[in-house]
Amino acid sequence: MEEQEINSTDHQNDDNSLSEPNSPTLETVSGFSTSSSPIPPEPFEPQFSVKFSGTVEKDGDVVKYTITSKLISDDSTYVVQRQYEDFMWLEHCLLTANPLPGLIVPPLPPKPAITSEMAEAKSRKQLGSDTKTLIGDQFNKDCLQLEQYLRLLLSHRLFGKDEVLRKFLTEKEPPPRAKIKRGIFSRISESLEGRKSTHKDCEEFFQKERDWISKYSIQIKETNEAFCSVVYSQQRLCSVLGHLATALTLNRGSNEPIAKIETKLCSLFSEALEDARHGLQVLSYNDENSLGAYLSLYASYIDSEKEMLSQRTNLLVEYENANKALDKAKPQKKQMAEEAKLAAEKAFEDCSDVARQEIKQFHRRRVNMFQESLEKFAEAQLRNARDVNAMLAKSLTKIKQFEIADG
């Protein structure tokens, strides 16, 4: 049975869609909209391809990931090792070097469970609070998530050209890290939290997007939580099947003929349970790393878009306030107020131009990733069902052919 890799998508609206009438469609938000920035950006192709090694180096609480990067223009290859903290520093550097309002920033995956305490907390969450089983390291999953994060950065028209990202992928030594304080690179929406526009957005494109995101954000997060519950249930069932399979093989210590027959039958049944457990384990892995990966990513990614829209709202508020200040300005301060109003207007319009293109690219990527992940999810489900059916059929045949001697 094969194991699947991360992928992702989203559904299109049709006559039977449950979407609200004003929800965005591919025609309005996915790059095909007639509402566009004055100067459409040129198509951007990633400069690097990246691939994580399936293995990691762990030394105590330090985990090092091996990343192979290839420069697409000349096939130059680079192999580097990075810790999770290096990714945190990369995010910090990219945000501080590109403080451009309107960007939808790819979300950095959460820190992997490295310590025994983190592993225990994760196990209790996934297997139940009373579990005595610890889930092992899931570094393969961590690698897939961080690999996806780098790919999102590389495909971004601004971050993908950043020199910091190039050095991160090509220089042997990791970047020197300073202690990151959250206040250093707090985004605009955080510093201006609570400032809201008192009316609907001045542009229909953005108002529709705001209406849509308020619904979709709730739906994607609830769907992600429900899907995680299914995966965790599969993992709990795997644990139960493993315990039961082991219990059936325990030697009862009797040499009676009937006891030997019972032991043999229990052994055959245990093998069948082990096959079922293995099939369910693979199913859980595939679910988590196909459709589950998409849901997990966009449950976080949608917050990045919400934050960007909040930034734009804050700039709109500043623009409104500058207009009011100009109206009330005394003659001697009129010119200063006019300059402040023009600066606020330009900042708002520049943010809107960037945001419009970001939203279209965001939805185009979201839809494509959902389609890909749904295809991988369905293919893995079918393949797993065939494989498990074949294994259980063999076990059933063995049990049917087992002969119990008379007397």
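A polar contact here is a pair of N or O atoms within 3.5 Å, where one must be able to donate a hydrogen and the other to accept it. One such pair turns up in this predicted model right where helix α5 begins: a side-chain oxygen of D162 comes to within 2.8 Å of the backbone nitrogen of V164.

What α5 packs against is a small story in itself. The sheet is an open one, built from three strands in the order β1-β2-β3, with antiparallel pairing. Its edges are β1 (48–59) and β3 (76–82), each of which pairs on one side only. From one strand to the next, the twist averages 15 degrees. Between β1 and β2 (residues 62–71), which run antiparallel, there are nine bridges, and V56 sits opposite Y65 in β2.

Helix α5, spanning residues 163–170, packs on this sheet and touches β1, β2 and β3, with its direction at about 85 degrees to that of β3. The helix has L165, F168, L169 and T170 as its buried residues. Their cover comes from β1, β2 and β3, and also includes the helices α2 (84–97) and α4 (139–154).

As for the cysteines, a disulfide is a covalent bond between the sulfur atoms of two cysteines. The structure has zero of these. Two cysteines can still be placed by their accessibility. C93 counts as buried because its relative accessibility is 14%, under the 20% cut-off. C238 counts as buried too, since its relative accessibility is 9%.

Notes:
Residues numbered from 1 in each chain as written. Predicted model: local features only at pLDDT ≥ 70, side-chain atom pairs only at ≥ 80, totals over all residues. Heavy atoms only, no water. Disulfide = S-S within 2.5 Å. Buried < 20%, exposed > 50% of the residue type's maximum accessible area, 1.4 Å probe, protein only. Pairing = 2+ DSSP bridges. Helix = DSSP H or I, 4+ residues; strand = E, 2+ residues; numbered from the N terminus. Axes fitted to C-alpha atoms, helices over the stretch in contact; angles between N-to-C directions. Contact = heavy atoms within 4.5 Å.
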